[in-house]
Amino acid sequence: MFKWLEKNLPKIVMAPAVGLIGWFVYGFVLWTLYISFTNSKILPKYELWGFGQYEKLWASRKWLIAVDNLLIFTALFLIFCVVIGIILAIFLDQKIRAEGLLRTIYLYPMALSFIVTGTAWKWILNPTLGIQKMFRDWGFENFTFDWLVDREMAIYTIVIAGVWQSAGFVMALFLAGLRSVEDEIVKAAKIDGASLFTVYWKILLPMMRPVFFTSFVILVHISIKSYDLIVALTQGGPGISTTMPALYMTQTAFHKSQVGLSAASAMMMFMAVAAVIIPYLYSELRRENAR
Amino acid sequence: MQDSLKSSSYKQLEQKSKYTNMFLRWFLYFILILFASYFIFPLYVMVVTSLKTMEEIRQGTLLSWPSGLNLESWAVAWGGRGYGAGDTFLRPYFWNSIKMVLPAVFFSTFIGAMTGYVLTKWRFKGDQWVFLFLLFGCFIPFQAILLPMARTLGVLGISNSVIGLVLVHTVYGIPFTTLFFRNYYISVPTELVKAARIDGAGFFKIFFKILLPISAPIIVVTVIWQFTQIWNDFLFGSTFSFGEAAPIQVALNNMVLSSTSVKEYNVDMASAIIAGIPTLIVYVLAGKYFIRGLTSGAVKG
């Protein structure tokens, strides 16, 4: 008995982690998947109902708006975060004075919650007392910046706040990537007469392919899950114009009590994340094994 | 002759490139400072707004300097106005968050350390798959587990309580803490462990005598990461708690959204700073470790 315990001690110590994740992650996802095939309303029902909830989901105008918003947000969020992140990383890489201070400034938003960020931006973007008033007081009488209350433009306020929060993070990833490149490569290129621009554009950035890939995966992942920022900034409004899938899911589940439908929307999100993550994990694992 | 020609044109070139370089340098600093002001702007606005009276806010602009060090809105945000019903303020929720964060960080870090230890130093057939199994937990969108989690907490009788949130944050922190410790311990030479085993040291003795003493950096990274994630969480907090058990982010959001009377932006901003200050302090004091956690665990949104 004692011998057996001693022999299996490592596995026993690992059991809580495996058990908890098995139950609370895999078990729960399977439960949600099952419920998405039932006609559950307030309480879960367990008779299968087929793909009804998914048909309902994709026929729902609100869900389509949510998916539309997600695509717009993801595209802009990605482009701006990556472009700003790369520019800052390359510029910071030029033996800048006070680099540490600047880096701290670019990255501090990552330490804040999206609720804090959202609260701050909501105040800055509000038309009566925010930026709009600031410019009008400065003499630009006709200056208008009321995206926050404009159905068409409100989604872009979420992009502004989201980019503000996450661009510094992309900067950190690229800076770490650039710093890991051997100095000799850059020196050799410079001796051959390559300009600094050519060095970055033709040599260093192509070498950053894994960093691009990582940033892409992380940013898409953040945007599919974005929930807090929308709650704090627009609550999905004006109307339902800034709804996104994560918000749709919680509203359908906890305010409208449509458990089956919300499970279907959750599974759509799950699949979207899996489509990005599984290739990523696969390539990471291959890289690790290749080492 | 040719040599001198060459060197003089080279000098000219050098001279020219010196001016271009100087111009580029200025341009560089200009762009960097421009972006720095974009990043600082909201924080600046938050701080000055929190120090203004509502009268000043209506008269001035976002950037205008406050007339004095007016801390009243901070007092209101933290401790309320002192009248009964409808007076929401952050103090009790701040403590809720502390009570939630401390045990959740401790348990998830401990479980992650042990699991990472087993996965690297007591390897067995298929341990790679176990790691992958756990790692996948970093990526799932939490919407896919919200419904069953809400029911489970109800069945256990801990929905809408700090204990329930401790459980949730511990469980969903494990994939990250395991990832951190596993990647750290994998670079510790296995020979050390093997030698100790030959000397008759057991499973726990090896952990506490050999690995734990060298784990300080990764413990710091993990604790900071978990602290920031759990303190800043809103999804779990708002789904599984309401009213008195709510953590601070939920309370902040409720405070800002409550539109009972005139909006008091100064109090809103003071509240936002109070909710953000613990993680901000950690970031300023231990930025290096914060960034390390970020770049290795940032798969979470």
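The following legends describe close-up views of a predicted model that contains chains A and B.

**View 1. The contact between chain A and chain B.** In this predicted model, 75 residues of chain A are in contact with 66 residues of chain B. Among the elements of chain A, helix H1 (residues 2-35) gives the most to the side that touches chain B, contributing 16 residues. Sorted by class, that side of chain A comprises 60 nonpolar, 11 polar and 4 charged residues.

**View 2. Helix H1 of chain A and its bend.** H1(A) bends by about 60° at Asn8(A). A proline, Pro10(A), follows within four residues of the bend. Pro10(A) is also one of the buried residues of this helix. The other buried positions of H1(A) are Met14(A), Ala17(A), Ile21(A), Phe24(A), Val25(A), Phe28(A), Thr32(A) and Ile35(A). Helix H1 of chain A is also the element that gives the most to the side of chain A touching chain B, with 16 residues.

**View 3. The largest nonpolar core.** This core has 171 residues. The residues with the most contacts inside it are Ala89(A), Met171(A), Phe174(A) and Met269(A) from chain A, together with Ile145(B) and Leu252(B) from chain B. Helix H7 (residues 154-179) of chain A gives the most to the core, with 16 residues. From chain B, at least three residues are drawn from each of domain 1 (2-70) and domain 2 (91-297).

**View 4. The surroundings of Leu252(B).** Leu252(B) is among the residues with the most contacts inside the largest nonpolar core. When its neighbours within four places in sequence are left aside, Leu252(B) is in contact with Ile115(A) and Thr119(A) of chain A. In chain B, its contacts under the same condition are Leu90(B), Ser271(B), Ala272(B) and Ala275(B).

**View 5. The fold of chain B and its two domains.** Chain B contains 14 helices and 0 strands. Of its 301 residues, 46% count as buried. Among the contacts in chain B with a separation of 6 or more, 76% are accounted for by residues 24 or more positions apart. The chain is divided into domain 1 (2-70) and domain 2 (91-297), and 37 Å separate the centres of these two domains, taken over C-alpha atoms. The contact between them takes 8 residues from domain 1 and 7 residues from domain 2. On the side of domain 1 that touches domain 2, the elements giving two or more residues are helix H1 (2-50) and helix H2 (54-59) of chain B. H1(B) gives the most to that side, with 4 residues. By class, the residues on that side of domain 1 divide into 4 nonpolar, 3 polar and 1 charged.

**View 6. Helix H6 of chain B.** Helix H6 (residues 143-156) of chain B has 14 residues. From its first C-alpha to its last, this helix reaches 20 Å, close to the 20 Å expected at 1.5 Å a residue. A kink of about 25° is centred on Met149(B), which is itself buried. The remaining buried residues of H6(B) are Gln143(B), Ala144(B), Ile145(B), Leu146(B), Leu147(B), Pro148(B), Thr152(B) and Leu153(B). Of these, Ile145(B) is also listed among the residues with the most contacts inside the largest nonpolar core. Just after H6(B), Gly157(B) takes a positive phi of about 75°.

**View 7. Phe106(B) and Val223(B).** Phe106(B) lies in helix H4 (residues 91-121) of chain B. Phe106(B) counts as partly exposed because 14 other C-beta atoms lie within 10 Å, whereas 20 or more would be needed for a buried residue. Phe106(B) and Val223(B) are 117 residues apart in sequence, and their C-alpha atoms are 7.9 Å apart in space.

**View 8. Two loop residues of chain A with positive phi.** Ala98(A) lies in the loop between helix H3 (61-92) and helix H4 (99-107) of chain A. Its phi is near 60°, a positive value in a residue other than glycine. Because Ala98(A) has 13 C-beta neighbours inside 10 Å, it counts as partly exposed. Gln235(A) is found in the loop between helix H11 (228-233) and helix H12 (245-255) of chain A. Gln235(A) has a positive phi of about 50° although it is not a glycine. With 17 other C-beta atoms within 10 Å, Gln235(A) is likewise partly exposed.

Technical notes
Residues numbered from 1 in each chain as written. Chains lettered and ligands numbered in written order. Predicted model: local features only at pLDDT ≥ 70, side-chain atom pairs only at ≥ 80, totals over all residues. Contact = placed C-beta atoms within 7 Å. Nonpolar A, V, L, I, M, F, W, Y, C, P; charged D, E, K, R; others polar. Expected span 1.5 Å × (residues − 1). Bend = angle between axes of the 7 residues up to and from the residue. Buried ≥ 20, exposed ≤ 12 C-beta atoms within 10 Å, placed from the backbone. Domains from an automatic or database assignment. Core = buried A, V, L, I, M, F, W, Y, C linked by C-beta atoms within 7 Å.
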